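This report examines side-chain packing, helix geometry and aromatic contacts in a single protein chain. The sequence and the structure are shown below.

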Amino acid sequence: MFEKIKLGETYGYRDFITDEEKETLLNWIFENKKLFHDQMDLNVLVLDNVQNFPKEVLNEIRKRISDVEELKVYKKPRKSIDFASIYERGSECGPHLDPTDDQDFFHIRYNICLSKPDRGGETFHGKDFFSVEEKVLWKCLAQQVRHGCDRILSDKPRVIISMGFLVDKNEYLINHMSP
């Protein structure tokens, strides 16, 4: 269905979203940039309660993720379920973990690249650095592996949508240990 691609120790899916979905999301993000909050040189917007965001597009993508990844026992994190980030020239996302207070679940983030900068903005996940093309969905083991991106060096921004899933540890260990 979707071409699975290896990205260091994790993986992603090429062309996970359509051109129409990409344009709908990007257009909304740039038209509503004033809603974004500056956090450490990043423009971030948690999408959970935004009134006019095209949630039907995001809901369809979340369903596609759970189908392709065969997620059966999962729930949404209480904080930062889904968010959009705009990384402009000079910004970066330093190495970090995304913890959860639910000990029976792993916090996994599925990230979609909507806009890839011409220079910089490379993703790092653990010891791996890799380039994520537009429309690629990549799996981030957010609770277990330090991740982020390096400095943006172009006028074209890095724009991502990040979707959080708390996946049952038992299911994950049985079904998802190898990419």
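## Aromatic contacts

One aromatic cluster is formed by F2, Y11, Y13 and F16. The model is a predicted one, and every value in this report is computed from it. Across the whole structure, a search finds eight aromatic pairs. In one of them, the rings of F2 and F16 have their centres 4.7 Å apart and their planes at 40°; the planes are neither under 30 degrees nor over 60 degrees apart, so the pair counts as tilted. This pair joins distant parts of the chain, since F2 belongs to the segment before β1 (3-7) and F16 to the loop between β2 and α1, 14 residues apart. F2 is partly exposed, at a relative accessible area of 22%, whereas F16 is buried, at 1%. The rings of F130 and W138 have centres 5.5 Å apart and planes at 85°, so this pair is edge-to-face. Both F130 and W138 are buried.

Charged groups also sit over aromatic rings, as the table shows.

| Charged residue | Ring | Distance from charged end to ring centre |
|---|---|---|
| R62 | F165 | 4.2 Å |
| R64 | F16 | 5.7 Å |

## Nonpolar cores

The largest nonpolar core comprises 34 residues, and I29, I61, I65, L114, I161 and M163 have the most contacts inside it. At least two residues of this core come from each of β2 (10-14), α1 (19-31), α2 (55-68), β6 (82-87), β8 (105-115) and β13 (158-168). Another core, of nine residues, lies apart from it and includes L7, C113, W138 and A142. In soluble globular proteins, nonpolar side chains tend to be buried together.

Two residues of the largest core may be followed in detail. I29 lies in helix α1 and counts as buried, because its relative accessibility is 0%, where buried means under 20%. Not counting residues up to four places away in sequence, I29 touches F36, A84, I86, L114, V159 and I161. By contrast, I29 and K75 are 46 residues apart in sequence and 25 Å apart in space, C-alpha to C-alpha. For I61, with neighbours within four places in sequence left aside, the contacts are F16, I17, E21, L25, I112 and M163.

## The helices α1 and α2

What span should the 13 residues of α1 have at 1.5 Å a residue? The expected span is 18 Å, and the end C-alpha atoms of α1 are 18 Å apart, which agrees. Within α1, the residues E21, K22, L25, L26, W28 and I29 are buried. Viewed down the axis of α1, the buried residues fall within an arc of 165°, so they line one face of the helix. E20 and E31, on the other side of α1, are exposed.

The 14 residues of α2 should span 20 Å at 1.5 Å a residue, and the end C-alpha atoms of α2 are 20 Å apart, in agreement. The buried residues of α2 are V57, L58, I61, R62, R64, I65 and S66. These buried residues pack against α1, β5 (74-75), β6, β8, β11 (137-140) and β13. R62 and R64 are thus buried in α2, while the charged end of R62 sits over the ring of F165 and that of R64 over the ring of F16. After α2 comes E70, whose phi is positive, near 55°.

Terms used:
Residues numbered from 1 in each chain as written. Predicted model: local features only at pLDDT ≥ 70, side-chain atom pairs only at ≥ 80, totals over all residues. Heavy atoms only, no water. Core = buried A, V, L, I, M, F, W, Y, C linked by side-chain atoms within 4.5 Å. Buried < 20%, exposed > 50% of the residue type's maximum accessible area, 1.4 Å probe, protein only. Helix = DSSP H or I, 4+ residues; strand = E, 2+ residues; numbered from the N terminus. Contact = heavy atoms within 4.5 Å. Expected span 1.5 Å × (residues − 1). Arc of directions from axis to C-beta. Phe/Tyr/Trp six-rings, centres within 6.5 Å; stacked < 30°, edge-to-face > 60°. Lys NZ or Arg CZ within 6 Å of the ring centre and 35° of its normal.
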